[in-house]
Amino acid sequence: MAIAELGAVVLDCPDPRALAGFYAGMLGGSVEGDGDWVDLTVPGGRALAFQAAPGFVPPKWPAPDHSQQFHLDLSVEDLDAAEAQILALGAKPLDTDDRSRGFRVYADPAGHPFCLCRA
């Protein structure tokens, strides 16, 4: 029996509204809120939340002395097509050179690593 249910994954960032917009552009859904806390409800009802963090320092990839803390794995049908779309939204490539792998690593505009994974 579970003790709790997952409410939302919360990402610290310098601009919650902008980062929610980035993820809404990639995942769809609706953005609500302004200021220090913004929610994104994606299709299917899952939620991501974005919290203002003054002095935010983004994680580094890969860097054992600067932990990435967590990352999102996002499943896509076509890695090349998805890559073009997320780069247009403002993602930055971190580890994308090996095109034979089933995943590629990027950073969102606030510097959080995430992976596009072949579905």
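Here is a friendly exchange about how the labels used for this predicted model are earned.

Reader: What makes Cys13 count as buried?

Author: Its relative accessibility is 0%, and buried means under 20% relative accessible area, so Cys13 counts as buried.

Reader: How do you know that Cys13 is in no disulfide?

Author: A disulfide needs a pair of cysteine sulfur atoms within 2.5 Å. For Cys13, the nearest cysteine sulfur is that of Cys115, and it is 19 Å away.

Reader: And what about Cys115, whose closest cysteine sulfur is in Cys117?

Author: Those two sulfurs are 5.2 Å apart. The cut-off is 2.5 Å, so the sulfurs of Cys115 and Cys117 are too far apart for a bond. Cys115 is also buried, with a relative accessible area of 6%.

Reader: How many disulfides does the count come to, then?

Author: By this rule the count is zero. As a reminder, a disulfide is a covalent bond between the sulfur atoms of two cysteines.

Reader: Why is Val57 called exposed or buried?

Author: Val57 has a relative accessible area of 61%. Exposed means over 50%, so Val57 is exposed. You will find Val57 in the loop between β4 and β5. In space, its C-alpha is 8.3 Å from that of Gly111, although the two are 54 residues apart in sequence.

Reader: Is Tyr106 buried or exposed, and how do you know?

Author: Its relative accessible area is 0%, and the limit for buried is under 20%, so Tyr106 is buried. Tyr106 sits in strand β7, residues 103-107. Setting aside neighbours within four places in sequence, its contacts include Ile86, Leu87, Leu94, Phe114 and Leu116. The C-alpha atoms of Tyr106 and His71 are separated by 10.0 Å, with their positions 35 residues apart along the chain.

Reader: What makes β3 and β4 a pair?

Author: Two strands pair if there are at least two bridges between them. Strand β3 (residues 37-41) and strand β4 (residues 47-52) have five bridges, in the antiparallel sense, so they qualify as a pair. Asp39 stands opposite Ala49 in β4, and Val38 stands opposite Phe50. The two strands form a hairpin with five residues between them, and Gly44 in the turn has a positive phi of about 100°.

Reader: How do you know that β1 pairs with β4 as well?

Author: The same test applies: at least two bridges are needed, and five join β1 to β4, which run parallel. One example is Asp12, whose bridge partner in β4 is Gln51. In general, strands of a sheet pair through backbone hydrogen bonds, either parallel or antiparallel.

Reader: What makes β1 and β2 the edge strands of their sheet?

Author: Each of them pairs on one side only. The sheet is open, has four strands in the order β1-β4-β3-β2, and its pairing is mixed. From one strand to the next, the twist averages 20°. Helix α1 (residues 16-27) lies across β1, β2, β3 and β4, running at about 155° to β4.

Reader: Which strands are the edges of the sheet with the order β5-β8-β7-β6?

Author: The edges are β5 and β6 (92-95), as each pairs on one side only. This is an open sheet of four strands with mixed pairing. Its neighbouring strands are turned by 35° against each other on average, direction ignored.

Reader: How do you know that β5 and β8 pair?

Author: They share five bridges in the parallel sense, and at least two are needed. In β8 (residues 113-118), Phe114 is the bridge partner of Leu72, and Cys117 stands opposite Ser75. Helix α1 packs on this sheet, touching β5 and β8, and its direction makes about 0° with that of β8.

Reader: Which residues make up the covered and uncovered faces of β5?

Author: Leu72, Leu74 and Val76 form the covered face, while Asp73 and Ser75 form the uncovered one. In a regular strand the side chains alternate between the two faces of the sheet.

Reader: Which elements give two or more residues to the lining of the largest pocket?

Author: They are β4 and β5 (72-76). Among the lining residues are Ala47, Leu48, Leu72 and Leu74, along with others such as Val9 and Pro43. The space in this pocket is about 340 Å³.

Conventions. Residues numbered from 1 in each chain as written. Predicted model: local features only at pLDDT ≥ 70, side-chain atom pairs only at ≥ 80, totals over all residues. Heavy atoms only, no water. Buried < 20%, exposed > 50% of the residue type's maximum accessible area, 1.4 Å probe, protein only. Axes fitted to C-alpha atoms, helices over the stretch in contact; angles between N-to-C directions. Contact = heavy atoms within 4.5 Å. 1 Å grid on protein atoms, 1.4 Å probe; cavity = no way out; pocket = protein on both sides within 12 Å on 5 of 7 lines; lining within 4 Å. Points joined across faces, edges and corners; volume = space filled by probe spheres on them.
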